[in-house]
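Colleague: Please take a close look at one part for me: the charged pairs and how far they sit from solvent. One connected answer is fine.

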Amino acid sequence: MKTKSQSNFDAGLLPKIVLSKKIDDKLKWVHSIESRAVVYDDELQLSHNLVDASSILSLKTSLNQSFNFGYILRFRDSDIIHRTFQHYNFVNQLTAIKVGHRFAFEQFYQSKKQTTFRTRYRVSAEKALNGEKVDVKEFYLKLGNEYLYDFEEKDLEIRLTPYLGYKASEKDRIEFGLDYRLGGFINNITENNLWFRVTWYYEL
């Protein structure tokens with residue numbers, strides 16, 4: 001018996017605000033809020049999908065390595081989902097390109113549901129459009145590729161994120177671009193999601 005494949009497509013907006021504050025040379029608090037609105041789906045209707053509020057403690061262990069320990073409170077429709085996560089990050093600074101790697105483990109907690117787990121790996125490359133490093137009032141490109149595995153769904157999702165960034169000052173920058181997500185490989189139910197993302201970063 002063959003399984004018939006299905007395909008779903010959603011598109012929408014992902015605005016996000018990220019505020020950070022250095023505690024000392026090694027520790028930093030990062031807080032963010034993100035909203036997701038669907039502007040196109042199979043039923044051609046506009047809907048507000050979810051809101052994420054997160055808090056992260058980032059520990060820098062060397063010049064190019066750090067660990068993140070975080071918590072996300074997600075409001076989705078009438079559901080409240082709690083998520084904890086742990087990241088290991090390291091960066092390679094090449095002549096004109098900064099390459100970053102992130103390994104992550106996540107735990108999801110929800111009322112009347114079993115705790116679920118997910119792992120993910122992301123690689124990204126950032127390049128200044130002028131010179132070898134990003135200076136104030138200059139643009140830069142950031143390209144990302146991420147792989148997520150959900151242990152409950154037993155499925156894989158791939159994300160591609162091309163962004164254009166602008167460093168407005170030493171304390172704030174803005175990035176905007178696309179966040180394309182392709183999932184359902186293993187379960188043979190293809191899910192395509194295309195989000196237009198705008199993120200504002202500000203250091204307190």
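Modeller: Start with Glu-146. At 7% relative accessibility, Glu-146 is buried, because the cut-off for that class is under 20%. This is a predicted model, so read every value as computed from it.

What does Glu-146 pair with? Its salt-bridge partner is Arg-120, and the closest N and O atoms lie 2.7 Å apart. Glu-146 sits in strand E8, residues 138-150, while Arg-120 sits in strand E7, residues 116-128, so the contact ties together parts 26 residues apart in sequence. Is Arg-120 buried or exposed? Arg-120 has a relative accessible area of 9%, so it is buried.

The pair does not stand alone. Glu-146 and Arg-120 belong to a network of salt bridges that also links Arg-83, Arg-102, Glu-106 and Arg-118. For the wider count, the structure holds 14 salt bridges.

Stay with strand E8 for the next pair. Lys-142 forms a salt bridge with Glu-175, with 2.9 Å between the closest N and O atoms. Lys-142 belongs to strand E8 and Glu-175 to strand E10, residues 172-183; the two are 33 residues apart, and the pair links distant parts of the chain. Both ends have values to check. Lys-142 has a relative accessible area of 18% and counts as buried. That class runs up to the 20% cut-off. Glu-175 is buried too, with a relative accessible area of 2%.

One further pair is worth a look. Arg-181 forms a salt bridge with Asp-179, the closest N and O atoms being 3.1 Å apart. Which class do these two fall in, buried or exposed? Arg-181 is buried, and Asp-179 is buried as well.

Now turn to strand E10 from its nonpolar side. Phe-176 lies in strand E10. At 31% relative accessibility, Phe-176 is partly exposed, because that class covers values between 20% and 50%. Phe-176 is one of the residues that make a nonpolar surface patch of about 630 Å². The other contributors are Phe-9, Leu-13, Val-39, Tyr-40, Leu-178, Leu-194 and Phe-196. Which strands supply the patch with at least two residues each? They are strand E1 (6-22), strand E2 (27-40), E10 and strand E11 (189-203).

Put the pieces of strand E10 together. This strand holds Glu-175, the partner of Lys-142 in strand E8. Strand E10 also holds Phe-176. Glu-175 is buried at 2%, whereas Phe-176 is partly exposed at 31%.

Key:
Residues numbered from 1 in each chain as written. Predicted model: local features only at pLDDT ≥ 70, side-chain atom pairs only at ≥ 80, totals over all residues. Heavy atoms only, no water. Salt bridge = Lys/Arg side-chain N within 4 Å of Asp/Glu carboxyl O. Helix = DSSP H or I, 4+ residues; strand = E, 2+ residues; numbered from the N terminus. Buried < 20%, exposed > 50% of the residue type's maximum accessible area, 1.4 Å probe, protein only. Patch = residues over 30% accessible without salt bridge, like charges linked within 9 Å, V, L, I, M, F, W, Y side chains within 5 Å. Areas by Shrake-Rupley, 256 points an atom, 1.4 Å probe, with all protein chains shown as cover.
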